[in-house]
Amino acid sequence: MLGVIGVWTAYTIAARSGPRLPPITAVTVQVAFIVAGLGAFAPFIGMTFPHNGPELASLLFIAVFPSCLSFALWNMALTVIPSTRAGVFLNLITLFTAIWAFANGDTITASQIIGGLAIITGVLLTSWPAKTATPTTLGIEI
């Protein structure tokens, strides 16, 4: 997990300070490198292409939504807000995963509800603009 956090941090900093590419272009280049890199190893680890409709549909769903679309939206977000502020919203991934599981028939436990409320509270608290201290708010008369 620490390795993933380190790599994601490096990716976010590079995306923010690297060349200004349209988000969809950046994602397309990344996907091309990933497909080429992983595709080269697929035959050696026994991976095969999906053999039926449901397998292919699952692969396409994963390729489009959590892979390509999420990276494109992340890159678009980095053009609007700083990476430190955008990083806070990564905590919503677990919340949306639990909501998706619930929508597909899984049960939600009390600990998941408490965790979800903690995530929402944390994101809201860190997203509100900070109040700047003025002499009158500190009780000092000038």
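**Figure 1. Contact of helix 2 with helix 3.** Pro23, Ala26, Val27, Gln30 and Val31 of helix 2 touch Cys68, Phe71, Ala72, Asn75 and Met76 of helix 3. Sorted by class, the residues of this contact are eight nonpolar, two polar and no charged. The model shown here and in the other views is predicted. Helix 2 covers residues 23–41 and helix 3 covers residues 53–80. Their axes lie 8 Å apart and make an angle of about 135°. Helix 2 and helix 3 are therefore oblique to each other, since an angle over 145 degrees would be needed to count as roughly antiparallel. The crossing of helix 2 past helix 3 is right-handed.

**Figure 2. Contact of helix 1 with helix 3.** Helix 1 spans residues 2–17, and its axis comes within 10 Å of the axis of helix 3. The two axes cross at roughly 55°, so the pair is oblique. This crossing is right-handed. From helix 1 the contact takes in Trp8, Tyr11, Thr12, Ala15 and Arg16, and from helix 3 Phe71, Trp74, Asn75, Leu78, Thr79 and Val80. The classes in this contact are seven nonpolar, three polar and one charged. Phe71 and Asn75 of helix 3 appear in this view and also in the contact with helix 2.

**Figure 3. Surroundings of Thr79 in helix 3.** Thr79 belongs to helix 3 and is among the residues that meet helix 1. Its relative accessibility is 57%, so Thr79 counts as exposed, the cut-off being over 50%. A polar atom of the Thr79 side chain lies 2.5 Å from the backbone oxygen of Met76. Met76 is also one of the helix 3 residues that meet helix 2. Pro22 is 57 residues from Thr79 in sequence, and the two C-alpha atoms are 9.4 Å apart in space.

**Figure 4. His51 in the loop between helix 2 and helix 3.** The loop that joins helix 2 and helix 3 contains His51. With a relative accessibility of 67%, His51 is classed as exposed. Between His51 and Val123 the C-alpha to C-alpha distance is 42 Å, at a sequence separation of 72 residues. Val123 is one of the helix 6 residues in contact with helix 5.

**Figure 5. Contact of helix 5 with helix 6.** Leu92, Thr94 and Leu95 on the helix 5 side meet Gly116, Ile119, Ile120 and Val123 on the helix 6 side. Five of the residues in this contact are nonpolar, two are polar and none is charged. Helix 5 is formed by residues 92–103, and helix 6 by residues 110–127. The axes are 9 Å apart, and the packing angle is about 140°. Helix 5 and helix 6 are therefore oblique, as roughly antiparallel would require an angle over 145 degrees. Helix 5 crosses helix 6 in a left-handed sense.

**Figure 6. Surroundings of Ser127 in helix 6.** Ser127 is part of helix 6. The relative accessible area of Ser127 is 17%, so the residue is buried, the limit being under 20%. The Ser127 side chain reaches the backbone oxygen of Val123 at 2.6 Å. Val123 is also among the residues through which helix 6 meets helix 5. When neighbours within four places in sequence are set aside, Ser127 is in contact with Arg85 and Phe89.

Notes:
Residues are numbered from 1 along each chain as its sequence is written. This is a predicted model: local features need pLDDT of at least 70, side-chain atom pairs count only at pLDDT 80 or more; totals for chains, interfaces and linings use all residues. Side-chain values use heavy atoms; hydrogens and water are left out. Helices (H or I, at least four residues) and strands (E, at least two) are DSSP runs, numbered from the N terminus. Buried means under 20% relative accessible area, exposed over 50%, partly exposed in between (1.4 Å probe, protein chains only). A polar contact is a pair of N or O atoms within 3.5 Å; within protein, one must be able to donate a hydrogen and the other to accept it, and residues adjacent in sequence count only if both atoms are side-chain atoms. Contact means heavy atoms within 4.5 Å. Axes are lines fitted to C-alpha atoms, for helices over the stretch in contact, and angles run from 0 to 180 degrees between N-to-C directions. Angles under 35 degrees count as roughly parallel, over 145 as roughly antiparallel, 65 to 115 as roughly perpendicular and the rest as oblique. A crossing is left-handed if the near helix is turned anticlockwise from the far one by less than a right angle, and right-handed if clockwise. Ala, Val, Leu, Ile, Met, Phe, Trp, Tyr, Cys and Pro count as nonpolar, Asp, Glu, Lys and Arg as charged, and the others, Gly among them, as polar.
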